[in-house]
2 protein chains.
Amino acid sequence: MHTPDPDRLRYAADLDAIRAAAARIAPHAHRTPVLTSRTLDRMAGRSLFFKCEPFQIGGAFKFRGALNAVLCLDDETAARGVVTHSSGNYAQALTIAAGIRGIPAWVVMPDNAPRVKVAAVQGYGGTVVPCPPALRQQTADRVRAETGATYLPSYDHPDVIAGQGTCGLELFEQVPDLDAVVVPTGGGGLLSGVTLAFHHLSPGTRVYGAEPRGADDAARSRVAGRIIPQTAPDTIADGLRTSLGQHTWPVVRDLVADILTVEDDEIVAAMRLLMERLKLVVEPSGAIGLAVALSPAFRALPDAERVGIVLSGGNVDLAALPF
Amino acid sequence: MHTPDPDRLRYAADLDAIRAAAARIAPHAHRTPVLTSRTLDRMAGRSLFFKCEPFQIGGAFKFRGALNAVLCLDDETAARGVVTHSSGNYAQALTIAAGIRGIPAWVVMPDNAPRVKVAAVQGYGGTVVPCPPALRQQTADRVRAETGATYLPSYDHPDVIAGQGTCGLELFEQVPDLDAVVVPTGGGGLLSGVTLAFHHLSPGTRVYGAEPRGADDAARSRVAGRIIPQTAPDTIADGLRTSLGQHTWPVVRDLVADILTVEDDEIVAAMRLLMERLKLVVEPSGAIGLAVALSPAFRALPDAERVGIVLSGGNVDLAALPF
């Protein structure tokens, strides 16, 4: 047992919440392996430890938060189902999680979403609600009003963040003496969860956010000292185009060591290296951590011999590889 | 401790030899993870356990046997170095193993070998000896005569087979109650090693060889009751074009449950499924086990609920994916 956490009210999740999430999702989620590569170590000039979320259920870390949030609902609330809007990995993750609990899931998707993503949600038993891209939130609100389903956003929710924190908890248990961890940063759910886990378990480990330069709202928000929403993102990393939220921002502001940015060509090169060297299929959003680790800015950081890299997802259209 | 093995003289390796190999290579080799996929399980109608050798040093299982053979040499012999001929994964594996022991390695390669493979061996400190494709063995013999290096073939050698057996030993430890295991079959080094491991550790587990129909010498050899060399192989699975050898044939003849064959299009489909669903880059030779598991012949087998699939390697030219 650890002492009560004074940060409990300040941040989205404390260690108790993350540990409870880990116990909750353990029967269904994979404890993803950590892989290493001597070649990539040589290239980075560091020892890199890759936490492999492409192996998670649904192909990405999103399942952790989705399942924890679904399992946190009381029975009566859960029975009415869940609803979200997502055209990315969270759509599948929430649908699978709802299936595990045996409750309905509605997923609002833009009507121009790729057919394969629509089919994936439907394949897991979810109901896809198409809408014009600009009306996602309104459509989700309408579904909620009509069905009584609980709206579970893809990142800005304490139970989702606690679930993503289990990725950090596992990484700490698997590689206990990391100097630094690099985490892909979109809305900041994964970054917040992992940062909170290390904040409590290993305060000396610095957690860095990794952002595409074409969607660097977290970096700009830290400079400004307030949330700067991401408008007109321009990056291949489609999972990282979102803005920070009210639950993720305080962690990014206070506890994250820094936000480091890279260009899309560095992301693509990292994605290719991961396939060639680690033999792992990682999507651009998921590969950004290696891109950061190989960047001159990161290589110039002192005291970062042992570095955890969270590879966050592996859902790639093989017919459209960017190289 | 187990009792002395009556098969010791009959087959290339017994359990002692495989266990000794495991201890010998442990400081350097990866204990590769076993991955699962609910989607692939559904497609196969079985529970599949994928032993992931693409994560092995050098990107393939070959490192196990190469390192064991190199470490088995006495100091004086080792100091003169090792020589082999290979244009495949064994070339890199033996070079890396020699580097670990700090001894020279000569690798005879056909003079039309891909530049990237030549560079890989050289990058690990090996000396590439180019030759006309038909003169590989003669060239290796000449290098051996000139240098005093020990010739270590890629599969038909007891120490190599014992090393490959460590893959089976690990799989047994990771998933103890398998009904069947499917192993890619070229020269039969991996198949022999894995079969011998299970023969001793879990005699009820049937081990199947997986062969491309365009290089089905092991299947034909079993029918004939003698080694039928593979001539003019025609398959995308370039690691599986070789013939059985004197050390691998007795195991294939006596202890392997059966050899199952598939067409190249099934191999390519399996390779793609592994990238899409398991997020793993596997070369055609390495993916054949899944192709067999999904084949009608395998699906008709009784008593095979829990099936180990050895994914043997992941060295793929991403610029030339076959889909």
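Contacts within chain A of this predicted model are dominated by pairs distant in sequence: among those between residues at least 6 apart, 74% join residues at least 24 apart. The secondary structure over which these contacts are spread consists of 14 helices and ten strands in chain A. The radius of gyration of chain A is 18 Å, close to the 20 Å that the globule rule gives for 323 residues, so the chain is as compact as a globular protein of that length. Taken along the principal axes, the box filled by its C-alpha atoms is roughly 55 × 50 × 40 Å, and buried residues account for 56% of the 323 residues in chain A.

Turning to the pair of chains, chain B is superposed on chain A by a rotation of 180° with 0.0 Å of shift along its axis, at an RMSD of 0.0 Å; that is the relation of a two-fold axis. Within chain B, the C-alpha nearest this axis belongs to Leu280(B), which lies 2.4 Å from it. Both copies use the same surface, since 100% of the contact residues of chain B recur in chain A.

The interface itself brings 13 residues of chain B into contact with 13 residues of chain A. On the chain B side, helix H12 (residues 264–278) provides the largest share, namely three residues. The residues of that side, divided by character, are as follows.

| Class on the side of chain B that touches chain A | Number of residues |
|---|---|
| Nonpolar | eight residues |
| Polar | two residues |
| Charged | three residues |

Technical notes
Residues numbered from 1 in each chain as written. Chains lettered and ligands numbered in written order. Predicted model: local features only at pLDDT ≥ 70, side-chain atom pairs only at ≥ 80, totals over all residues. Helix = DSSP H or I, 4+ residues; strand = E, 2+ residues; numbered from the N terminus. Rg over C-alpha atoms; globule rule 2.2 N^0.38 Å. Buried ≥ 20, exposed ≤ 12 C-beta atoms within 10 Å, placed from the backbone. Contact = placed C-beta atoms within 7 Å. Least-squares fit on C-alpha atoms with pLDDT ≥ 70 in both. Nonpolar A, V, L, I, M, F, W, Y, C, P; charged D, E, K, R; others polar.
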